[in-house]
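Colleague: I'm still learning to read structures, and I'd like a close look at a single part of this one. Could you take me through how the helices pack, in plain words?

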Amino acid sequence: MITIENTQACFVQLWLQLERTRLLLAGQYKRYCIRRICQSWFGLEATDDFIWEVCFKANNDDDEPVYGWDILPPPQLSPRKHREFLRALVQVRLGLKIQQVNLRALDAAYSIAFPLSTPLNVNKKKRNK
């Protein structure tokens with residue numbers, strides 16, 4: 001069972017857990033998808049309704065829709081879908097609104113978990129303070 005919090009430390013652990021889960025599922029010859037990840041992390045709490053809600057909230061207008069059985073690429077190679085999945089997971093698990101999920105911490109956690117990968121939001125303009 002994984003404990004979910006809206007903090008950078010938790011997000012680092014979630015990014016690392018995604019990679020461990022990917023390797024675990026590959027070793028079991030199982031599909032690396034949102035459904036299997038949720039079942040692996042939450043066991044019987046990962047009901048069809050829970051998985052549907054996570055997938056529904058992970059969908060944004062910019063990308064193709066995400067479904068529970070869709071195979072995900074490795075998090076280091078294609079982090080965007082994983083970012084939206086983790087954001088939706090935190091949102092559903094903690095009962096937060098989309099604006100309440102700490103995206104800055106989620107993006108920074110990716111850079112900590114995978115320091116050799118290109119940071120998320122590298123093309124975004126930096127604000128002058």
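Modeller: Here is a walk through one helix and its partners, and then a few residues close up. Keep in mind that this is a predicted model.

Let's start with how packing gets described. Two packed helices are summed up by the angle between their axes and the distance between those axes. Now take helix α3, residues 48–58, and helix α4, residues 79–94: their axes come within 8 Å and cross at roughly 125°. That angle isn't in the range for parallel, antiparallel or perpendicular, so α3 and α4 are called oblique to each other. Their crossing is right-handed.

Who actually touches whom? On the α3 side you'll find F50, E53, V54, K57 and A58, and they meet E84, F85, R87, A88, L89, Q91, V92 and R93 of α4. Sorted by class, this contact has 7 nonpolar, 1 polar and 5 charged residues.

Helix α4 also meets α2, which covers residues 34–42. Here the axes come within 13 Å, and the crossing angle is roughly 45°. So α2 and α4 are oblique too, and this crossing is right-handed as well. From α2, the residues I34, I37, C38, W41 and F42 meet F85, L86, L89 and R93 in α4. The class count for this contact is 8 nonpolar, no polar and 1 charged. Look back at the two lists and you'll spot F85, L89 and R93 of α4 in both.

C38 is a cysteine, so you may wonder about disulfides. How many turn up in the whole structure? The search finds 0. For C38 the reason is distance: its sulfur is 7.1 Å from the closest cysteine sulfur, the one in C55, and that's too far for a bond, because a disulfide needs the two sulfurs within 2.5 Å. C38 is also buried, with 0% relative accessibility. C10 counts as buried too, at 9% relative accessible area.

Two of the α2 residues lead us to one more spot. W41 and F42 are both in contact with I2, and so are L14 and Q17, if you leave aside the neighbours of I2 within four places in sequence. I2 is in the segment before α1, the helix that spans 8–27. Is I2 buried or exposed? It's buried, with a relative accessible area of 17%, because the cut-off for buried is under 20%. I2 and L14 are 12 residues apart along the chain, and their C-alpha atoms are separated by 8.6 Å.

Definitions and conventions: Residues are numbered from 1 along each chain as its sequence is written. This is a predicted model: local features need pLDDT of at least 70, side-chain atom pairs count only at pLDDT 80 or more; totals for chains, interfaces and linings use all residues. Side-chain values use heavy atoms; hydrogens and water are left out. Axes are lines fitted to C-alpha atoms, for helices over the stretch in contact, and angles run from 0 to 180 degrees between N-to-C directions. Helices (H or I, at least four residues) and strands (E, at least two) are DSSP runs, numbered from the N terminus. Angles under 35 degrees count as roughly parallel, over 145 as roughly antiparallel, 65 to 115 as roughly perpendicular and the rest as oblique. A crossing is left-handed if the near helix is turned anticlockwise from the far one by less than a right angle, and right-handed if clockwise. Contact means heavy atoms within 4.5 Å. Ala, Val, Leu, Ile, Met, Phe, Trp, Tyr, Cys and Pro count as nonpolar, Asp, Glu, Lys and Arg as charged, and the others, Gly among them, as polar. Buried means under 20% relative accessible area, exposed over 50%, partly exposed in between (1.4 Å probe, protein chains only).
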